[in-house]
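Hello,

Here is the structure I promised to pass on. Please open it beside this note; my findings follow below.

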Amino acid sequence: MKHLSPLISIITVSLNAEATIEDTLVSVSLQQRSFDIEHICVDGGSTDRSRDIVDAWALRTGHIKRIYERDHGIFDAMNKGLRAAQGEYVLFLNADDFLVAPDILAKAMDAAPLGGAGSPDLIAGDVAMGVFGGHGLWRHRRAPRLLARARGTGLFPIQQGLFAKRRVLEHAGGFDASLKLGSDVSLFYDLERRINPTIHLLRTDVAFMRAGGAANAGLRAIWLGSREIYAHLQPTYGVVRSAIMVLVKTLQSLSELRYGRCRHSRWFAPPGRQEAG
């Protein structure tokens with residue numbers, strides 16, 4: 001390994017995720033890479049086998065760190081992971097997501113040479129969301145190709161495909177834990193305004209999201225998330241511009257819809273049959 005400290009901190013928060021979290025852990029553990037990583041698992045009080053699964057993988061690998069304590073919601077838990085992170089870049093990968101290929105971290109870090117002063121603040125990739133192997137509606141959540149140029153318009157990257165420099169997230173103060181659904185998008189808008197970060201687009205899928213997360217659980221959840229984001233923006237941008245930004249965000253989300261077979265499936269063995277890398 002070339003780094004004394006991890007190049008990437010991957011943060012996974014969980015609550016009763018025994019059915020899916022092993023996919024997340026395996027997809028990280030089996031990455032082919034020439035740099036150090038850490039995988040910070042934050043569990044807010046699971047009553048199922050989630051912690052047992054994390055503990056078993058922590059014994060098999062050297063990169064898993066565990067934070068087991070109650071929290072005040074998903075974004076509070078994500079802030080705890082961020083405070084514990086030591087990597088140059090941070091990726092938030094939920095407990096029902098997994099990385100789509102064994103070399104995806106290495107491909108992402110091609111844009112960030114080790115120790116390079118010119119490495120981008122944000123490396124934004126794409127995300128597929130649906131039921132893997134299923135046929136029907138799914139979403140191809142692409143980082144907008146105009147993201148780096150059309151600043152402050154409401155375009156946003158997808159959290160599970162976004163590698164952000166830790167110092168940038170810390171400078172912005174992390175996530176607003178008072179929000180329930182839209183804090184990740186609101187944080188990006190804050191970064192745009194306060195820091196004007198440099199952005200590199202990967203133009204490839206980073207992660208697979210299973211459908212049904214809190215912010216994507218249906219039209220009502222999307223509506224409530226948009227209301228949160230509007231309320232967050234309005235004091236800074238005013239009524240009209242905030243409404244336009246939320247409209248652009250909504251149109252971006254609608255443009256993600258696809259019909260057919262959802263791309264990606266497990267590239268690793270099913271749970272219970274993996275060997276740690």
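Tyrosine 259 is a good place to begin. In this predicted model, tyrosine 259 counts as exposed because its relative accessibility is 65%, and the cut-off for exposed is over 50%. The residue is found in strand 10.

Tyr259 also belongs to a nonpolar surface patch. The patch covers about 690 Å². Its other members are Leu137, Leu247, Leu251, Leu254 and Leu257. Two elements, helix 7 (219-255) and strand 10 (257-261), each supply at least two of the patch residues. Helix 7 gives the most, with 3 residues.

Next, look at helix 1, residues 21-29. Is it covered or exposed? Mostly covered: 9 of its 9 residues are buried. Among them are Ile21, Leu25, Val26 and Val28. Glu22 and Asp23 are buried as well, and so are Thr24, Ser27 and Ser29.

What do the buried residues of helix 1 pack against? The strands are strand 1 (8-14), strand 2 (37-43), strand 3 (64-68), strand 5 (97-99) and strand 9 (199-210). Helix 2 (50-60) is a partner too.

Last, the cysteines. Cysteine 41 has a relative accessible area of 3%, and cysteine 262 has 5% relative accessibility. Both count as buried because the cut-off is under 20%. A disulfide is a covalent bond between the sulfur atoms of two cysteines. How many disulfides does the model have? The count comes to 0.

Best wishes

Conventions
Residues are numbered from 1 along each chain as its sequence is written. This is a predicted model: local features need pLDDT of at least 70, side-chain atom pairs count only at pLDDT 80 or more; totals for chains, interfaces and linings use all residues. Side-chain values use heavy atoms; hydrogens and water are left out. Patches are made of residues with over 30% relative accessible area and no salt bridge: like charges are joined within 9 Å, nonpolar side chains (Val, Leu, Ile, Met, Phe, Trp, Tyr) within 5 Å. Accessible areas come from the Shrake-Rupley method with a 1.4 Å probe; for residues, only the protein chains shown count as cover. A salt bridge is a side-chain nitrogen of Lys or Arg within 4 Å of a carboxyl oxygen of Asp or Glu. Helices (H or I, at least four residues) and strands (E, at least two) are DSSP runs, numbered from the N terminus. Buried means under 20% relative accessible area, exposed over 50%, partly exposed in between (1.4 Å probe, protein chains only). Contact means heavy atoms within 4.5 Å. A disulfide is a pair of cysteine sulfur atoms within 2.5 Å.
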